[in-house]
Amino acid sequence: MTGSDIANFLGLKFNGGSTETAIDEILGAIGQPFRYVVTPNVQHVVEIYEQGDALKAKYAAAWRIYCDSRVLRKLAHLCGSKLDVVTGSDLTARLLERASGLGLKVGIIGPSADDCAILGRRFSGLKIASYTPPMGFIKSDAEVQKCIAFILDANADITFLAVGFPQQETLANRLLEYPEARGVALCIGASIDFLTGKQQRAPLWIQNSGLEWLHRLLSDPKRLAKRYLVKSPKIFGLVVAQMMNPRFRS
């Protein structure tokens, strides 16, 4: 599959391709009208169905939808769909590396100034503009407007929205309302935490086995137990429904 190929699964239109082809497409969109990229995992797909049309529309409006989950890929295979995996964490790391080599300007929303300083030392060719909104900012239109104003003023080539799901998708979608916005935004969750050392990713063999979720659960069971043991298993009911009716939509 290439980036232009579409695989329909559980109501989402996933783009194909590898991490490198995704990066090439993103770099090719620099300077063009604003667009954004999402990388849904199992939890995101379940939430999309539970929260309904408003959240689904934010995903439908994304320029690219890449599958972040090897579990999703396996489940899609059972339904006759082929999903390529482009994880948000790998995409973020490689894109920052490429952007650094090109001397690009990046905007970062979410992480602290100290975290962004660590990134600046690791990717020394980057020009970084960062802003850290307060917790719960998405509930305040004034705070959302501050984020939007910062992004528009920064005019970065690439913007990384690292304020958690679904806040980052909501912010990205709001930016479509501004015709002066340019470049590409990526909704990346905790990806920068892996680069700064705040969180540790699973070893590669665990990632490749599709058990990275278990590694994350064991690393922070109190915070993640509900996500992985209560919320995410609901994906199986959605998959069964699609297998019984390929036109299934919630």
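1. A salt bridge here is a side-chain nitrogen of Lys or Arg lying within 4 Å of a carboxyl oxygen of Asp or Glu. K82 and D84 form such a pair, with their closest N and O atoms 2.8 Å apart, in what should be read throughout as a predicted model. D84 counts as buried, because its relative accessibility is 13% and the cut-off for a buried residue is under 20%.

2. The structure holds ten salt bridges, and one that deserves a careful look is the pair formed by the side chains of E20 and R98, where the N to O distance is 3.2 Å. Since E20 belongs to helix α1 (residues 19–28) and R98 to helix α5 (residues 88–102), this salt bridge ties together parts that are 78 residues apart in sequence. E20 counts as partly exposed, at 31% relative accessibility, and R98 also counts as partly exposed, at 25%.

3. The E20 and R98 pair should not be considered by itself, for both residues belong to a network of salt bridges that also links D24, R94 and E97.

4. A further salt bridge joins R174 and E177, whose closest N and O atoms are 3.5 Å apart. E177 counts as exposed, with a relative accessibility of 52%, whereas D84, in the pair described at the start, counts as buried.

5. Turning to the strands, β3 (residues 35–38) has R35 and V37 pointing one way and Y36 and V38 pointing the other, and all of these residues are buried. Strand β3 pairs in the parallel sense with strand β8 (residues 184–187) over three bridges, and V184 is the bridge partner of R35 in β8. Strand β3 also pairs in the parallel sense with strand β4 (residues 64–65), here over two bridges, and in β4 the bridge partner of V38 is I65.

6. Where do the helices α7 and α8 touch, and at what angle do they pack? Helix α7 (residues 141–154) and helix α8 (residues 167–175) pack at an angle of about 65°, their axes being 11 Å apart, and α7 passes α8 in a right-handed crossing. On the α7 side the contact is made by D141, V144, Q145, C147, I148, I151 and L152, and on the α8 side by L171, R174 and L175. The residues of this contact divide into seven nonpolar, one polar and two charged. R174, one of the residues in the contact of α7 with α8, is also the salt-bridge partner of E177.

Key. Residues are numbered from 1 along each chain as its sequence is written. This is a predicted model: local features need pLDDT of at least 70, side-chain atom pairs count only at pLDDT 80 or more; totals for chains, interfaces and linings use all residues. Side-chain values use heavy atoms; hydrogens and water are left out. Helices (H or I, at least four residues) and strands (E, at least two) are DSSP runs, numbered from the N terminus. Buried means under 20% relative accessible area, exposed over 50%, partly exposed in between (1.4 Å probe, protein chains only). Two strands pair if DSSP finds at least two bridges between them. Axes are lines fitted to C-alpha atoms, for helices over the stretch in contact, and angles run from 0 to 180 degrees between N-to-C directions. A crossing is left-handed if the near helix is turned anticlockwise from the far one by less than a right angle, and right-handed if clockwise. Contact means heavy atoms within 4.5 Å. Ala, Val, Leu, Ile, Met, Phe, Trp, Tyr, Cys and Pro count as nonpolar, Asp, Glu, Lys and Arg as charged, and the others, Gly among them, as polar.
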